[in-house]
Amino acid sequence: MATSKIRIIVAKPGLDGHDRGAKVVARALRDAGFEVIYTGLHQTPEMIATAAIQEDADAIGLSILSGAHMMLFRRIIELLREKGGDDIVVFGGGIIPEDDVSALKAAGVSEIFTPGASLETIVRWVKEHVKPRGVKAQ
Amino acid sequence: MEKLWQLRQERQRWEATTLKEALARQPERADQFSTLSDLPVNRIYGPEDLRGFDLERSLGRPGEYPFTRGIHPTRYRGRPWTMRQFAGFGSAQDSNRRFHYLLEHGQTGLSVAFDMPTLMGYDSDHPRALGEVGREGVAIDSVQDMEILLRDLPLDRVTTSMTINAPANILLAMYVGAAENMGFTRAQIGGTTQTDMLKEFIAQKEWIVPPRPSMKMIQDMLVFGTRELPRWNVISISGYHIREAGATAVQELAFTLADGIAYVQAGIEAGLEVDEFAPRLSFFFDCHNDFFEEIAKFRAARRLWARIMRDRFKAKNPRSWWLRFHTQTAGVSLTAQQPLNNIVRVAIQALAGVLGGTQSLHTNSMDETYALPTEDAVMVALRTQQIIAHESGVADTVDPLGGAYFVESMTTTMEERAEAYIQKIDDLGGMVRAVELGYPQREIAEASYHYQQQLERKEKIIVGVNDFVVPEEQSIPILRIDPEVERRQIERVRRVRAARDEVRARRALDELKRAADSGENTMDKVLECVKAGSTMGEICDVFRAVYGEYREPAII
């Protein structure tokens, strides 16, 4: 049993302001017992990667509805690798077509939740797939 | 009174006999019924439910105060609503082609969607624009892009609605500049800029500077529009985004009208007479799935606004009392699952908008949960409106649901609950202050979390999502934006900067800075910047430097 709480950054990369999904998911994860940091809107990939490293996050949940996911999600993964955060689990959600989902997974995104995914599904997935980073490293 | 007592007696008798027997045979589906926004719905409504309802005071006649039945005496018998499909994507050329296509197929007004960098006041070559150029709308960096967007369009005959807020002053200046270059006069061009920053801070979240300087920029536009552009509606007070962010119907109604109150106040404080500008304020609402709740919302909105304008602001011109509105069916109600079902949702919502008396309507396309709509999907959406207008018969009589016990009762409930919210916002010191305090933002976040939980518990059903689910593969065609659009747009804005008279462009920006610093009206300066070839991002940078950039406190 991990003693430290799992810490998740919920972030909105890009310029779109549709934050209903991000907020609802952030709140559901918090209610499920995770420590959640919501970055707020309009974050650049650099801001998100830096926040994840500084906050010692175990996972990052990205929400985007503008269609810029291919560019921005990949850039975040790249930056995490550069900064030594490649063991941070990255998952995401938004309006993301099926073809892009497979491409994003190939690029290192662990899971993508598309419209209609229930909070229960997302919470269950996080419980199963996100472990405290320190544990694996020992 | 005697009659009411009799009606109640009759109701009790019916409940004790006919109803009781029926319930014994077949119980109801639930103990309590409620609307999508959780307002209680009774088993049946009769005259005894119309507490405080007065035929003259509450309903009146169409075209007369308080306009519950509509602002025009003949509603759609004279002319149907304007069918205005929102469009815009990729480059200015792509969007211009879509506009010509829509006009050729019977659309009667244009509506422009801008991409995210434009909405946030960044040029296409700004690092923050990476991957976003032309995706959710058209990229406009300079007056040259605007000229391409409007090429060969009859600007004296179509009206153009531009969904732009934070840099609305700049886009309006570009529209005026482009129209003048095309040979139209300021008096000929008609349209709407959204310019509703309060709802941006509340819900849509595309901003540049903080709330108070944003209100100053709006005041500058209001004064300019009132004096210079007789056919332009400077502000479209928008509930759509508030609703889409997860608000209830009551919250949408209340926050939108409270925003309206703040703009009227701002116009008066800028030195305008209320009747000078109020007739040109228009509204924009969402239309969601709950049919009667939505119809009641529109009817209550008209009645409330008429009272606010007449009693609170002492407007004399009846046109100032009018709540004219555009409706868009609820994007948030569309499902990625079984996308063809969305055609039916849109039809129901559009019908509610029409029965609610909308002046113009956008029907969403079935494929919009994936991407911007394809041409075929847009066509079905437009045809849905035409079927309602020409086949269903609902446009042939005015306010056909007026007097229906349920509809009138729901209209009154909407009005009362919205008034309570407006009172609360007044008590906080008005909407600008309420936004700074995060009050409407928190109320919406609460409502949307509550609704999501209802879905998880299946207390509310979405067909194909939490019930009637089938395994499926995404199978509808979707519109892809060519990544080349971004590269070409970046090249173009760089060419514009390289080709212009640099001294003139610099001077115009300096002049704008001086005007913004001194607090004078900035519109003429923005126009000169635009004409001098200054770009969207450069002009916004001046406002950022003078007023500061807005950062939202992150509330979950």
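Here is a short conversation about chain A, its helix α2 and its contact with chain B.

Visitor: What kind of model is this, and how are residues numbered?

Guide: It is a predicted model, in which local features need pLDDT of at least 70, side-chain atom pairs count only at pLDDT 80 or more, and totals for chains, interfaces and linings use all residues. Chains are lettered from A and ligands numbered from 1 in the order in which they are written, and residues are numbered from 1 along each chain as its sequence is written.

Visitor: In what order do the elements of chain A run?

Guide: Helices (H or I, at least four residues) and strands (E, at least two) are DSSP runs, numbered from the N terminus. Chain A has six helices and five strands. From the N terminus on, their order is β-α-β-α-β-α-β-α-β-α-α.

Visitor: What is the radius of gyration of chain A?

Guide: This value is taken over C-alpha atoms, and the globule rule is 2.2 Å times the number of residues to the power 0.38. For 138 residues the rule gives 14 Å, and chain A is close to that, so it is as compact as a globular protein of that length; its radius of gyration is 14 Å.

Visitor: Which residues of helix α2 of chain A are buried?

Guide: A residue counts as buried if 20 or more other C-beta atoms lie within 10 Å of its own, with C-beta atoms placed from the backbone. In helix α2 (residues 45-54) of chain A, the buried ones are Pro45(A), Ile48(A), Ala49(A) and Ala52(A). They cover an arc of only 95 degrees around the axis, which puts them on the same side of α2(A); the arc is that of the directions from the helix axis to the C-beta atoms. So the names to look for are Pro45(A), Ile48(A), Ala49(A) and Ala52(A).

Visitor: Why can residues three or four places apart point the same way?

Guide: The reason lies in the helical repeat. An α-helix has 3.6 residues a turn, so residues at those spacings point the same way.

Visitor: What do the buried residues of α2(A) pack against?

Guide: Two residues are in contact if their C-beta atoms, placed from the backbone, lie within 7 Å. The partners of the buried residues of α2(A) are β1 (7-11), β3 (59-64) and α3 (69-82) of chain A.

Visitor: Which helix gives the most to the side of chain A that touches chain B?

Guide: The contact takes 29 residues from chain A and 31 residues from chain B. On the chain A side, α1 (20-31), α3 and α5 (119-129) each supply at least two residues. With five residues, the one that gives the most is α1(A).

Technical notes
Buried ≥ 20, exposed ≤ 12 C-beta atoms within 10 Å, placed from the backbone.
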